[in-house]
There are 2 protein chains.
Amino acid sequence: MSKKLHVAIVGATGAVGVEMMKTLEKRNFPVGQLTLLASARSAGKTLPFRGEPITIKELRDDSFAGVDVALFSAGGDISRKYAAVAVKAGAVVVDNSSAFRMDPDVPLVVPEINGDDVKKHRGIIANPNCTTAITLMALYPLHQEFRVKRIFASSYQAVSGTGAQAIAELRDQVQAIAAGRPVEKKVYPHQIAFNVLPHVDSFLDGGYTKEEMKMQNEGRRIMHHPTFKASVTCVRVPVYRAHSVAVHAEFERPVSLTAAREALAQAPGLEVVDEPAKCEYPLPLYVAEHDNCQVGRLRLDCALENGLVFWVAGDQLLKGAALNAVQIAELI
Amino acid sequence: MSKKLHVAIVGATGAVGVEMMKTLEKRNFPVGQLTLLASARSAGKTLPFRGEPITIKELRDDSFAGVDVALFSAGGDISRKYAAVAVKAGAVVVDNSSAFRMDPDVPLVVPEINGDDVKKHRGIIANPNCTTAITLMALYPLHQEFRVKRIFASSYQAVSGTGAQAIAELRDQVQAIAAGRPVEKKVYPHQIAFNVLPHVDSFLDGGYTKEEMKMQNEGRRIMHHPTFKASVTCVRVPVYRAHSVAVHAEFERPVSLTAAREALAQAPGLEVVDEPAKCEYPLPLYVAEHDNCQVGRLRLDCALENGLVFWVAGDQLLKGAALNAVQIAELI
């Protein structure tokens with residue numbers, strides 16, 4: 001890519017929007033012009049990009065004139081309303097919301113797994129759910145080696161996955177408890193400080209949450225594996241940044257630890273951190289602000305014939321959102 | 001039991017020891033005399049029981065004269081050294097450590113599940129691992145209904161499971177972070193505040209931890225089910241008190257949600273808290289200091305033919321330790 005591009009970020013003031021700007025800087029993305037879009041409330045404020053203040057503009061129907069790439073991260077409603085507007089204006093949209101992820105006309109892409117799917121786009125490319133993306137970064141290399149049938153997984157999800165307000169809520173609750181003041185709850189239905197909530201996203205009829213079913217639904221599309229099954233329990237934990245997932249995976253072919261380790265060691269965007277005797281395993285605290293995901297605690301599953309258990313962690317604002325979106329933009 | 005008993009608590013100053021005293025009081029256990037035993041360091045201090053101060057004595061070979069029931073909770077080494085001494089002096093030992101749990105001559109008991117096994121004791125009865133006991137409180141009623149084959153589980157374990165020093169470590173780390181001071185690590189190898197550690201107990205050759213394999217090893221003994229399989233990932237979370245476990249369970253017989261709910265609703269020592277639409281599910285923060293365990297998030301497993309997923313939480317100092325030990329003593 002030698003041509004400089006006009007990039008727009010929709011939802012520039014959000015937790016992911018801010019990381020998108022940093023990622024564009026860090027990866028030296030060929031930004032010729034950067035347009036920051038947000039609600040009327042934020043319009044007029046500035047955010048720094050490459051040392052220069054950029055004034056935030058209000059998102060409107062005429063916001064996308066001349067834009068080449070529009071990175072959306074302002075929730076599903078905004079994406080449903082404005083993605084088509086941006087496409088009509090000539091932009092390619094990389095959408096971080098769940099609005100188009102299951103649309104058969106919209107590629108759902110993790111560049112390290114199905115980067116080629118980008119080519120099929122008709123204007124919009126969807127960025128997957130953060131927990132799904134992080135899990136697949138470790139699962140897909142094993143799938144290529146042994147062919148995955150199903151997984152049983154439990155997540156440990158950071159509050160920043162909910163957004164900037166949730167980060168403040170955890171901090172405020174911890175301070176309130178230390179000061180003996182009553183705990184206020186605005187973002188989560190229950191106290192998140194010193195607690196864990198088995199509730200991420202809304203509940204579906206079968207008893208799973210939407211978030212829990214994304215692993216199977218989005219995993220099938222990303223891995224091109226329509227019979228993949230995933231039974232997941234998603235849990236919010238009092239961690240500021242980076243999600244972790246405990247995964248028990250069953251494969252069609254016989255597994256070996258040696259081959260599994262080799263597949264994981266060679267996988268792009270993934271680091272193996274697996275020296276339990278030295279207390280080395282992926283930790284959300286250490287993987288925060290880290291581009292690569294980390295996998296460890298790899299072992300043969302004692303309750304499955306061709307099974308592996310592992311623990312994967314990744315910064316969900318980066319690989320789960322901003323980094324993956326910019327990587328997609330690089331492929332366009 | 002009309003006779004008043006002479007009860008000894010070994011490890012009286014520990015997190016579990018203190019709960020044992022409270023539980024004896026609360027359940028109106030027929031204590032005629034209470035002897036509190038601990039290391040020389042604590043000897044001479046007092047702890048209140050039924051409003052009276054009781055002086056802690058140093059644990060010695062002659063500590064058990066006249067003792068009817070000795071509740072041990074001072075770690076495996078102390079139990080291995082002194083349980084036989086107590087039995088020789090005529091006491092029945094209820095041991096909360098892992099020292100005797102796999103000894104075929106020592107019953108391993110959760111009163112609601114295999115209370116009858118107490119009758120087979122030869123002086124020592126073992127109290128199970130806390131995470132195992134809490135999980136089985138919900139799994140066993142389902143096992144009776146559908147016969148469990150295997151489970152895949154991930155735990156969310158509170159720091160109080162490690163002991164009083166770990167509670168202080170979490171509190172100190174949170175304060176240090178708020179004050180911008182460096183975080184000190186004494187109990188855990190990594191910061192536990194705003195982090196999760198996939199590391200509970202020591203690592204075994206196969207890559208599981210001892211804690212993780214207790215679910216299968218102890219579960220088989222308690223449920224009298226020698227082919228039960230359990231693949232578990234145990235994780236420490238920054239919660240002060242009460243463990244939670246996400247369980248994916250496969251059964252031999254076809255399952256139904258109606259029958260499962262009924263079995264759980266009728267189970268002793270267990271409460272069903274399962275109204276996700278009202279944001280009601282078991283939470284470690286609310287189940288803390290609560291005798292009963294709680295189960296919720298019950299659903300049919302989308303990746304298993306006869307499978308159920310559930311979320312169980314319980315106060316591991318009570319059902320996982322002190323309460324279960326006193327319940328065993330009541331059966332003697």
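This is a short talk on two chains, A and B, and how their parts fit together.

Hi everyone, and thanks for coming. One thing up front: what you see here is a predicted model.

Let me begin with the domains of chain A. There are two: domain 1 covers 5-127 + 322-331, and domain 2 covers 132-316. Taken over C-alpha atoms, their centres are separated by 25 Å. Where they touch, domain 1 of chain A brings 11 residues and domain 2 of chain A brings 16. On the domain 1 side, the elements giving two or more residues are α3 and α9 (318-331) of chain A, and α3(A) gives the most, with 3 residues. By class, that side has 6 nonpolar, 3 polar and 2 charged residues.

Next, a helix in chain A: α6, residues 210-223. Does its length come out above or below what we would expect, or in agreement? Its 14 residues should span 20 Å at 1.5 Å a residue, and the end C-alpha atoms are 19 Å apart, which agrees. Several residues of α6(A) are buried, among them A:Met215, A:Gly219 and A:Ile222. Charged names turn up in that buried list too, including A:Glu211, A:Lys214 and A:Arg221. What covers them? The cover includes α3 (111-114), α4 (130-146), β8 and β9 (229-233) of chain A. Just after α6(A), A:His224 takes a positive phi of about 55°.

Since β8 has come up, let's pick one residue from it. A:Lys149 sits in strand β8 (residues 148-156) of chain A. Is A:Lys149 buried or partly exposed? It has 19 other C-beta atoms within 10 Å, and buried takes 20 or more, so A:Lys149 counts as partly exposed. Leaving out residues up to four places away in sequence, A:Lys149 touches A:Lys229, A:Glu250, A:Phe251 and A:Glu252. A:His121, by contrast, is 28 residues from A:Lys149 in sequence and 28 Å from it in space, C-alpha to C-alpha.

Finally, the pair of chains. The contact takes 50 residues from chain B and 50 from chain A. On chain B, the elements giving two or more residues include β8 (148-156), α5 (164-179), β12 (293-300) and β13 (307-314). That side of chain B divides into 32 nonpolar, 13 polar and 5 charged residues.

How are the copies related? A turn of 180° with a shift of 0.0 Å along the axis lays chain B on chain A with an RMSD of 0.0 Å. That is the relation of a two-fold axis. And 100% of the interface residues of chain B are also interface residues in chain A, so the copies meet through the same surface.

That's my tour; happy to chat.

Definitions and conventions: Residues numbered from 1 in each chain as written. Chains lettered and ligands numbered in written order. Predicted model: local features only at pLDDT ≥ 70, side-chain atom pairs only at ≥ 80, totals over all residues. Helix = DSSP H or I, 4+ residues; strand = E, 2+ residues; numbered from the N terminus. Buried ≥ 20, exposed ≤ 12 C-beta atoms within 10 Å, placed from the backbone. Contact = placed C-beta atoms within 7 Å. Expected span 1.5 Å × (residues − 1). Least-squares fit on C-alpha atoms with pLDDT ≥ 70 in both. Domains from an automatic or database assignment.
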